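The following paragraphs lead through selected features of one protein structure. Please keep the sequence and the three-dimensional view at hand while reading.

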Amino acid sequence: MARRRSWFLLAVTGATLLPCRVSAMACADMLPRGHERNRAEIGRAVEPIDLLELRDIGSTIDTTGDDVVALSPNKTLIAFQIRRADPVTNGYCLAMAVMEPREGARARVVDSGGELIRVRYEEVTGKADVPTGLPRVVTARWFKDGRSFAFIKRVHGSTQVWRAFVDGSSSVQLSRSNSDVTDFRISTDEKRLILYTRAWLDDAYRRIEAEGALGYLVDDRYFPIASNVPFIAAPAGKSFVTVDIGSGRKSQATQSDRDLFLPFAGSAPPNSTGIAVSSKRRRAWTFIDPLGSIPHQIHLAVDNHAGSTQVCQFKTCAGSLSGVWWSANGRTIRYIRREGWGRSLTAIYEWNPDRGQPHKLYQSRDAIFDCKPLEDDLLCLVEGSIVPRRIVRIALGRGLQRQIFDANPEFAQLAKGRVRRLQWFTAFGSEAFGDLVLPVRYRPGQRYPLIVVQYVTRGFLRGGTGDEYPIQVFANNGFAVLSIERPRSPAIAPNARSYTDLDKADLAGFLDKRNVLSAIERGVRNLVDAGIVDERRVGITGLSDGASTVQYAGVHSKMFAAAVMSNCCAEPTQLALLGPAAAKLFREVGWPDLTSEAPSFWSNISWVVNARRIPFPVLLQMADSEYRSGLAAFTALREADVAIEMRVFPNETHFKWQPIHRLSIYTRNLNWFSFWLQNDLLSSNSQSNEIARWDDLKRGYSEAIDNVGSQRQP
C-alpha cells in the first residue's frame, strides 16, 4: 500500500506530472492481444493510468443517437473507431477497425493516426461553435461494395474525409477543403462527396477579428467567464460543397444534396426522434408531442395498413424511448425503453401493431446504446458497472448476449471492488438509486471512509460525470464509493409550457437541490446504519450539477468531511460573469438581479455569504475557461480560514480532455481524500511540496474551527 501511495504522489508532487508506470506503447497497442491471462496482472490494483488508457468506443458519455458502429451494406462487417489516451504525448491514439459481427471474430486496424476531433455545439443562450472536451463520434460511411468506407480524420490541424479499405491497404485522403469538414455524405451514385464545412464559421471568426480593431461590443455574444472575445452568434450559417471523388473538382451543392443531411434522410414525420423502414417500406418511428406535457415523453407510432398513423397507446410504449427497428420478418417493431426504479433498467420491447400491447423481450441493468438490427438479433454497445463498453450481439428470442468485441479484456484481471445496486426514497418521495462500490479488501463489520460520486451511475463506473473521480482507484485504496444517480425532481408544474417553467419550479425554495441532497444524505445514512461507513469520514465530489449540489451541501449539511469540485460556484456576481444572454435566462428562471440584495435567497446557496459556515475542506480542479466563477468563493473561504485549494488547467473546457490533466486530476483527487479522510496513510510523504502545503491548510483550518468553538473536526 505504501509503495503504491508514493507512486501516486510522484504524479502531482515530483518534478514531472507523469507517474512512473506509463505505457509508452499506447498507440502500438490499439487492439487487445487476445484473452490470455497475464499472471503478473491478475489481482493487481487499478491505478489511474489503467482508467486513463482504457480503449474507448464512441463518446465518453451516453451515445444514444450516435452512429458509432457501422454495418457494411451486406452486414458481413462492422467498422468503428477505437480511441486511447496517451499521456506521453498528451494526445490520443486513434484507429479505425473492422471485423465480422460474430463471436470469436478478430478485429483488425485498417487506418491509424490523426488528432482528436472534439464536439462543438450551439448553446441555449445563442452562441455557436462552443468547444467541449467531448470526443466527436467518427462514423464510418460504407461504399456499396463493402470493400471500403469513408470517415473524417484530422491530420496536421485539418479535418478532411479519408477512405479506408478493409484489406488494410493504405488509406487515401478524399477531400481537400480549405475549411475543416464537419460532416459528409456519399452521393447515391458514389461519384461525389457532399461536404458540410466550417467555411461560414471561418468567415465569422475573421469578422470578429476585424471587429477587435474597433473594440468588441459587449452583447449577447459575450460569455466573459470563458473568453475575452465574443462568441459567434447562433444559429450558425451552413456551408456545403460537393467534391468529385475521381477528379477532386468542386461544385455547389444542390438542395437534394443538402437534403441528405436531414435526420433520417427526410423520410420521418415531424418531431421524430428515430425511424425504421421495413422491407415493405412501412415506417415506424418515435416522436415527441410538442403539445404534450413537459417534460416531454417520447411516443411510438407506425404507418398502419390503411395508410394513416397509428400511435401506440400502451404505457410501455411511451416515456424514455430510444431506437426503433423492425424485426427480420417485418411484422413487429422493437425499441429500447428505460424503466424500473428511477429508470435504472434498460428494456427492449416488441410491438405488433395488429395484435395489441407490446411485450418485453429483454431487460438489463447494463447501459445499452447504438443498437442495430442484425438478422433477428441486435448489435449494440453495452457496458456494465465494472465492465467497460464493448460490442455485443443480443439474441432477443433467448435473451442472451454474445460478445463480439471486448476492447479492454486486460481490465477484467485487475482487482475491483464489488458493486451493490441500492434503492431508496428521497425525503420528497422521489425514487433514488445508486451503486455501492465496496473497498477491494472489504471486511464485514469494519467501517470505511466513503466518497460520494455524482450524478449518473448507469453503465461503467469509471469516474462519475466528467470522469474525474476514479471509482475503482478509490476502492483499491481503502475507500467505499457511493455512485449516485440524480433523482427526478419532485417539482410540479402542471401548466408548464417550456423547460424554463420547470426550472422555475425546481428553483423555488431550492426544491430540486433539497431533493438531490436528501437522496445523497439518505443513501449515506443507510450505509452508516448498515455498519459499512464511518460517518466521520465521508467525502463528496461533483462537476456541473453535481458541483452545485456540493455547494448546496456546504451550506445545509454537516455530513461531509471533505469535498472536491470540478467547477464552482453560484454567487451574487454570477450574472456579470455569464454575460447578457445567459443573465437574461437566469433571471427568467428566478435567480436574483445583480442589483438585488436578495439576502434570503443567497443565504441558501452562496459560499461568499456563508463562508464561515462551510464545514469541510475543498479542492477545486477547474478549467481555465471556468475558473473565474470560482474566484469569489475561493477568496471568501480563504478569508474565513476554510481549507481550500484551487488548481486551474490550461486550454480546458467543462469536460476536461487532455490526458496529462486527467491523470493529474485522478491522482490529486485520490491524494486529497486520503489526506483528509485517511491522514495516517500519508505520513511517510510529508516532505512533498503538496502534502506540506496541505499540512499548513489543515493547521490553519483546525485553529479556525477551535476559535469559533465548533465541535466538528476535519
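In this predicted model, C568 and C569 are joined by a disulfide, with 1.5 Å between their sulfur atoms. The torsion about the S-S bond is -75°, and the link of C568 and C569 is left-handed. Both cysteines, C568 and C569, are buried. A disulfide is a covalent bond between the sulfur atoms of two cysteines.

C569 also appears among the contacts of Q551, a residue of helix 8 (residues 545-556). With residues up to four places away in sequence set aside, Q551 touches M565, C569, A570, E571, I605, S606 and W607. Two of these neighbours are reached through polar contacts. The side chain of Q551 comes to 2.8 Å from the backbone oxygen of A570, and a polar contact of 3.5 Å links the side chains of Q551 and E571. Is Q551 buried or exposed? Its relative accessibility is 2%, and because the limit for a buried residue is under 20%, Q551 counts as buried.

The disulfide of C568 and C569 belongs to a total of 3 disulfides. Another one connects C312 with C317, whose sulfur atoms lie 1.9 Å apart. What is the handedness of the disulfide of C312 and C317? The torsion about its S-S bond is about -90°, so this disulfide is left-handed. C312 has a relative accessible area of 4% and is therefore buried; C317, at 0% relative accessibility, is buried as well.

C371 and C380 are also joined by a disulfide, at an S to S distance of 2.1 Å. Here the torsion about the S-S bond is about 115°, so the disulfide of C371 and C380 is right-handed. C371 is buried, with a relative accessible area of 9%, and C380 is buried with a value of 2%.

The next topic is the aromatic side chains. A pair of aromatic rings is described by the distance of the centres and the angle of the planes. How many aromatic pairs does a search of the whole structure find? The search finds 25 aromatic pairs. One of them consists of F510 and F601: the ring centres are 4.9 Å apart and the planes stand at 45°, so the pair is tilted. This pair links distant parts of the chain, since F510 lies in the loop between helix 6 (499-507) and helix 7 (511-529), whereas F601 belongs to helix 11 (residues 599-602), 91 residues apart. Both partners are buried: F510 has a relative accessibility of 6%, and F601 has one of 14%.

F601 pairs with W591 too, in an edge-to-face arrangement with 5.2 Å from centre to centre and 70° between the planes. W591 is located in the loop between helix 10 (580-589) and helix 11, and F601 in helix 11, 10 residues apart. Like F601, W591 is buried. These residues are part of one aromatic cluster, formed by F510, Y552, F586, W591, F601 and W602.

Aromatic rings also meet a charged side chain. K698 lies over the face of F675, at 4.5 Å from the ring centre. The charged end of K698 sits over the ring of W676 as well, at 5.2 Å from the centre of that ring.

Attention now turns to the strands. An open sheet is formed by 3 strands in the order 5-6-13, with antiparallel pairing. Which strands stand at the edges of this sheet? Strand 5 (118-123) and strand 13 (232-233) do; each has a single partner strand, so one side of each is left without a neighbour in the sheet. Strand 5 is joined to strand 6 (residues 127-135) by 4 bridges, and the two run antiparallel. In one bridge, E123 has K127 of strand 6 as its partner.

A last residue to inspect is Q81, which is placed in strand 2 (residues 78-86). Which residues are in contact with Q81, leaving aside its neighbours within four places in sequence? They are D56, I57, G58, L94, A95, M96 and V138. The relative accessible area of Q81 is 13%, and because buried means under 20%, Q81 is classed as buried.

Key:
Residues are numbered from 1 along each chain as its sequence is written. This is a predicted model: local features need pLDDT of at least 70, side-chain atom pairs count only at pLDDT 80 or more; totals for chains, interfaces and linings use all residues. Side-chain values use heavy atoms; hydrogens and water are left out. Buried means under 20% relative accessible area, exposed over 50%, partly exposed in between (1.4 Å probe, protein chains only). Contact means heavy atoms within 4.5 Å. A disulfide is a pair of cysteine sulfur atoms within 2.5 Å. Rings of Phe, Tyr and Trp (its six-membered ring) pair if their centres lie within 6.5 Å; planes under 30 degrees apart count as stacked, over 60 as edge-to-face and the rest as tilted. A charge sits over a ring if NZ of Lys or CZ of Arg is within 6 Å of the ring centre and within 35 degrees of the ring normal. Two strands pair if DSSP finds at least two bridges between them. A polar contact is a pair of N or O atoms within 3.5 Å; within protein, one must be able to donate a hydrogen and the other to accept it, and residues adjacent in sequence count only if both atoms are side-chain atoms.
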